[in-house]
Amino acid sequence: MRLLFSIGAVLVTGMFAGGDVAGIAAPGPKFESPRLALLKNQPQRQAADRDAQTVDVELILAVDVSYSMDMDELAIQREGYAQAIQSKEFLQALKLGPNGRIAVTYFEWAASTDQKIIIPWRLIDGPETADAVAAEIMKTPIRRASRTSISGAISFAMPLFDEDPYRGLRRVIDISGDGPNNNGTPVTIARDAAIEKGIVINGLPIMVKEPSYSTMDIDNLDFYYEDCVIGGPGSFVITIKDRDKFKEAIRTKLLMEVAGRMPERPVTRVAEKDKEPRVNCMIGEKIWSDRWGR
């Protein structure tokens with residue numbers, strides 16, 4: 001929360017004690033100019049403006065649209081976010097927040113230079129604004145693109161917070177994807193840069209298909225997200241291993257992000273700097289290099 005301070009004008013006038021003294025009448029009420037009244041009311045107006053712009057969380061939804069995601073998965077993913085935002089559980093969680101509103105933006109990503117904003121920053125403070133955001137998500141044509149750059153998505157997301165007209169008690173980047181980083185800077189560099197700015201990164205690893213050569217999927221993508229992608233206080237991973245649970249997982253994740261909660265199962269991310277993660281954080285780059293020699 002950012003506090004704004006202003007200095008109002010102070011008018012000092014002499015006061016005569018008690019009514020009429022030695023034939024001199026006590027002064028009548030002083031005239032207050034419109035400008036002076038405006039200056040006196042400025043701190044209250046600024047405080048009201050500040051409160052109107054404060055939200056419980058600034059939430060960036062960063063959604064993978066790489067070719068490893070099939071069209072059915074992309075459609076379910078879109079529907080999952082739209083339905084989660086409209087759900088009664090989400091709206092109830094929204095009401096329970098100290099401000100009862102959040103700011104959200106939604107973009108799709110693939111390669112390190114391929115990010116597309118689907119929804120610019122929007123305020124959600126009840127059913128009407130939630131329905132409007134859900135409708136925006138659903139009306140945009142589904143697309144697919146090459147490569148997978150989680151680091152590119154994080155780097156693209158960070159400056160978006162500076163463009164948000166609202167100020168959140170928390171700042172969260174929500175990354176969903178079905179494979180490891182294989183393009184752009186190493187994912188841990190981007191993750192650590194975000195954490196240094198006080199940003200929390202949560203993950204939604206999608207593991208509904210068996211790993212294959214053509215899609216560059218890996219075993220233990222959940223471990224990869226826990227050890228290499230997420231970070232910040234209270235960060236968590238919710239894994240999707242069943243296509244039928246896709247929408248449920250998205251709704252659960254959004255509810256926790258709005259409420260500032262974590263799953264019951266704690267993340268077992270290897271946090272100690274002197275320990276190696278369970279999954280090589282450069283595994284995606286290695287697979288790509290081994291297959292195509294670049």
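Contact means heavy atoms within 4.5 Å. The model is predicted: local features need pLDDT of at least 70, side-chain atom pairs count only at pLDDT 80 or more, and totals for chains, interfaces and linings use all residues. Residues are numbered from 1 along each chain as its sequence is written, and side-chain values use heavy atoms, leaving out hydrogens and water.

**Exercise 1. State how confident the predictor is in the protein, and where pLDDT is below 50.**

Step 1. pLDDT is the predictor's confidence in each residue, from 0 to 100. The protein averages 83, and 76% of the residues score at least 70.

Step 2. Residues 1-27 have a pLDDT below 50, and this stretch has 23 contacts in the model beyond near neighbours in sequence.

Step 3. Residues 270-274 also stay under 50; the model gives them five contacts beyond four places in sequence.

**Exercise 2. Check the span of helix H9 and list what its buried residues pack against.**

Step 1. Helices are DSSP runs of H or I with at least four residues, and strands are runs of E with at least two, numbered from the N terminus. The protein has 10 helices and seven strands.

Step 2. The expected span of a helix is 1.5 Å times one less than its number of residues. For the 14 residues of H9 (residues 246-259) this should be 20 Å, and the end C-alpha atoms are 20 Å apart, which agrees.

Step 3. Buried means under 20% relative accessible area with a 1.4 Å probe, protein chains only; over 50% is exposed, and in between is partly exposed. The buried residues of H9 are Phe246, Ala249, Ile250, Lys253, Leu254, Met256, Glu257 and Val258.

Step 4. They pack against helices H2 (71-86) and H3 (88-96) and strands S2 (58-64), S3 (102-109), S6 (171-177) and S7 (200-205).

Step 5. After H9 comes Gly260, with a positive phi near 70°.

**Exercise 3. Classify the packing of H2 with H9 and with H4.**

Step 1. Axes are lines fitted to C-alpha atoms, for helices over the stretch in contact, and angles run from 0 to 180 degrees between N-to-C directions. Under 35 degrees counts as roughly parallel, over 145 as roughly antiparallel, 65 to 115 as roughly perpendicular, and the rest as oblique.

Step 2. H2 and H9 pack at about 40°, with axes 8 Å apart. H2 is therefore oblique to H9.

Step 3. On the H2 side, the residues in this contact include Ile76, Tyr81 and Ala84; on the H9 side, they include Phe246, Ile250 and Leu254.

Step 4. H2 and H4 (residues 127-139) pack at about 175°, with axes 8 Å apart. H2 is therefore roughly antiparallel to H4.

Step 5. Arg78, Glu79, Tyr81, Ala82, Ile85 and Gln86 of H2 meet Ala130, Asp131, Val133, Ala134, Ile137 and Met138 of H4.
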